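Work through the exercises below with the structure open beside you. Try each task before reading its solution.

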Amino acid sequence: MAMPTMAETIHVATASNFSQPLKLLAKSFEENSSHTVRISAASTGKLYAQIKHGAPYHLFLAADQKRPEILEKEGLAITNSRFTYAVGELALWAPQQQFTGEAKALISQTDIHRISIANPKIAPYGIAARQTLKAMGLWEQLQGRLVQGENIAQTYQFIASGAAEMGFVARSQLSEEAKTKGYYWAVPPNLHDPIRQDAVLLKRGADSPAAKAFLAFLRSESAKEVIRAQGYGLGDS
Amino acid sequence: MESADISALWVTLRLALTTTLILLLLGTPLAWWLSQTQSRIKTVIEALVALPLVLPPTVLGFYLLIALAPGGIIGGFSAHGLAFSFTGLVIGSVLYSLPFVVQPLQNAFGSINRLHLEAASTLRASPLDRFFSIVLPLSRPGFITAATLGFAHTVGEFGVVLMIGGNIPGETQVLSIAIYDHVEALEYAQAHWLSGGLLLFSFIILFLVYRQNNRWAHS
């Protein structure tokens, strides 16, 4: 016999790039349970620092694997709770370019003045963009024309505002309409390491049945469907 | 310090100096006009000047990015726009630090005894002559405060640069952004060095200004 469960509020810290899909997922989770999900979105690095200093989150949905791994080693996350909930996909987007040809030819055009990427030092999508440009043999020649967003949302905004002509964004950021406007190129996954985004149960959530239930929900088929529809690939879990 | 940090320090100092100079040149006539005028639009101008004090820098940065983009109202004057350039940062910083320079100057000009000016006027001193030989020396503390606050506020600028800079080393990567990146990359040791340095620097500057102003006030 199932015990009646107490209604809980789950605090989820998520990397900004996943906040939109998470809102949808939280809504469907709330509809099927008595729990409430509260979402805090920020960059993975900032959330890591907050968790390290006692932020009251139950779950952490990072934009990479590194930060959840460190938390695990530091004893702030529950061992063996970590899994890849989504795999980010990179896309080249140039909304104002009427160009039909290979992406490499477009990027090499000298009248392209500003190309926006996420900061490779801190943002996983930035690391992937750098790897992609290096794999295409364009990284060196583009120095001086690359501008960096602090995260993938700002990278997108640089392009959307017209301040940069093109850039590497997350496929999940682009609507179907945006893709048909101008030039869109889905970067083949073999050009960069996979952008694996890991989720982990934090120490604060260790005794919360609701937090564990939400984590299990993230691996369910219905959740996977939402994640895929939002423009992400799936991990092998 | 890493070479990237040194270059960020250099960009920051260059930006703060350029901004302060421009603000003193633009702010002095503006503050003088505000302190003397009876015009009805005075209140409107005062409110506009004070706006950066209350607006989040992100609002300023958001609109500046659009204005500085190629084809934008400011960026349209340059072939490739002015976003992600040092010039763009200077434009942003001048707007952002404007009240910090104009308000102390306006206060200083406003507190000058009109009798001095009228006396000079009866001695047939031209308006320009009166400004340089009476107003300027009497408002010295105001100028020092204005220049220091403008400079220090630009050094501490973060939100606007984050929104319009694009983090280009040697061009738009300033100290506050470098600190942010260190924190994000979990390089807390470097973040401590730069943050501590900036904290100390800001305190020393403010301390020196207040000490100087107190001395003048007592002399």
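## Exercise 1: Around one strand

Task: In chain A, find how strand E5 (residues 90–94) pairs with E8(A), then see what else joins E8(A).

Solution.
- Step 1. E5 and E8 of chain A pair in the antiparallel sense, over four bridges. The model is predicted, so treat every value here as computed from a prediction.
- Step 2. Look for a facing pair. A:Leu92 stands opposite A:Phe168, a residue of E8(A).
- Step 3. Turn to strand E6 (residues 115–118) of chain A. E6(A) and E8(A) run parallel and are joined by two bridges.
- Step 4. Pick a bridge there. A:Ser116 has A:Gly167 in E8(A) as its bridge partner.
- Step 5. Check the cover. Strand E8 (residues 166–170) of chain A is mostly covered, with five of its five residues buried.

## Exercise 2: The five-stranded sheet

Task: Put the strands of the open sheet of chain A in order and find which strands stand at the edges.

Solution.
- Step 1. The order is E2-E1-E3-E10-E4, and the pairing is mixed.
- Step 2. Strand E2 (36–42) and strand E4 (83–88) of chain A each have a single partner strand, so one side of each lacks a neighbour in the sheet. These two are the edges.
- Step 3. Now the twist. On average, neighbouring strands of this sheet are turned by 20° against each other, direction ignored.
- Step 4. Inspect one edge. E4(A) pairs with strand E10 (residues 195–201) of chain A in the antiparallel sense, over five bridges. Opposite A:Thr84 stands A:Asp198 in E10(A).
- Step 5. Add the helices. Helix H1 (residues 19–31) of chain A packs on the sheet and touches strand E1 (9–15), E2 and strand E3 (59–61) of chain A. The direction of H1(A) makes about 175° with that of E2(A). Helix H3 (residues 66–73) of chain A lies across E3 and E10 of chain A, at about 30° to E10(A).

## Exercise 3: Two domains and one loop residue

Task: Describe how chain A is divided, then decide whether A:Arg219 is buried, partly exposed or exposed.

Solution.
- Step 1. Domain 1 of chain A covers 9–87 + 195–229, and domain 2 covers 90–186.
- Step 2. Their C-alpha centres lie 28 Å apart.
- Step 3. Seven residues of domain 1 of chain A are in contact with nine of domain 2 of chain A. The domain 1 side has two nonpolar, four polar and one charged residues.
- Step 4. Locate A:Arg219. This residue sits in the loop between helix H9 (209–218) and helix H10 (221–229) of chain A.
- Step 5. Count its surroundings. There are 15 other C-beta atoms within 10 Å, so A:Arg219 is partly exposed.

## Exercise 4: Chain B

Task: Find how many residues of chain B are in contact with chain A, then examine helix H7 of chain B.

Solution.
- Step 1. In chain B, 19 residues are in contact with 17 residues of chain A.
- Step 2. Helix H3 (57–68) and helix H9 (175–184) of chain B each supply at least two residues of that chain B side.
- Step 3. By class, the chain B side has 12 nonpolar, five polar and two charged residues.
- Step 4. Helix H7 (residues 140–155) of chain B has 16 residues and reaches 23 Å, close to the 22 Å expected.
- Step 5. Buried residues in H7(B) include B:Gly142, B:Leu149 and B:Phe151. Their cover includes helix H1 (3–36), helix H4 (86–110) and helix H10 (188–218) of chain B.

Key
Residues are numbered from 1 along each chain as its sequence is written. Chains are lettered from A and ligands numbered from 1 in the order in which they are written. This is a predicted model: local features need pLDDT of at least 70, side-chain atom pairs count only at pLDDT 80 or more; totals for chains, interfaces and linings use all residues. Domain bounds come from an automatic or database domain assignment. Two residues are in contact if their C-beta atoms, placed from the backbone, lie within 7 Å. Ala, Val, Leu, Ile, Met, Phe, Trp, Tyr, Cys and Pro count as nonpolar, Asp, Glu, Lys and Arg as charged, and the others, Gly among them, as polar. The expected span of a helix is 1.5 Å times one less than its number of residues. A residue is buried if 20 or more other C-beta atoms lie within 10 Å of its own, exposed if 12 or fewer, and partly exposed in between; C-beta atoms are placed from the backbone. Two strands pair if DSSP finds at least two bridges between them. Axes are lines fitted to C-alpha atoms, for helices over the stretch in contact, and angles run from 0 to 180 degrees between N-to-C directions.
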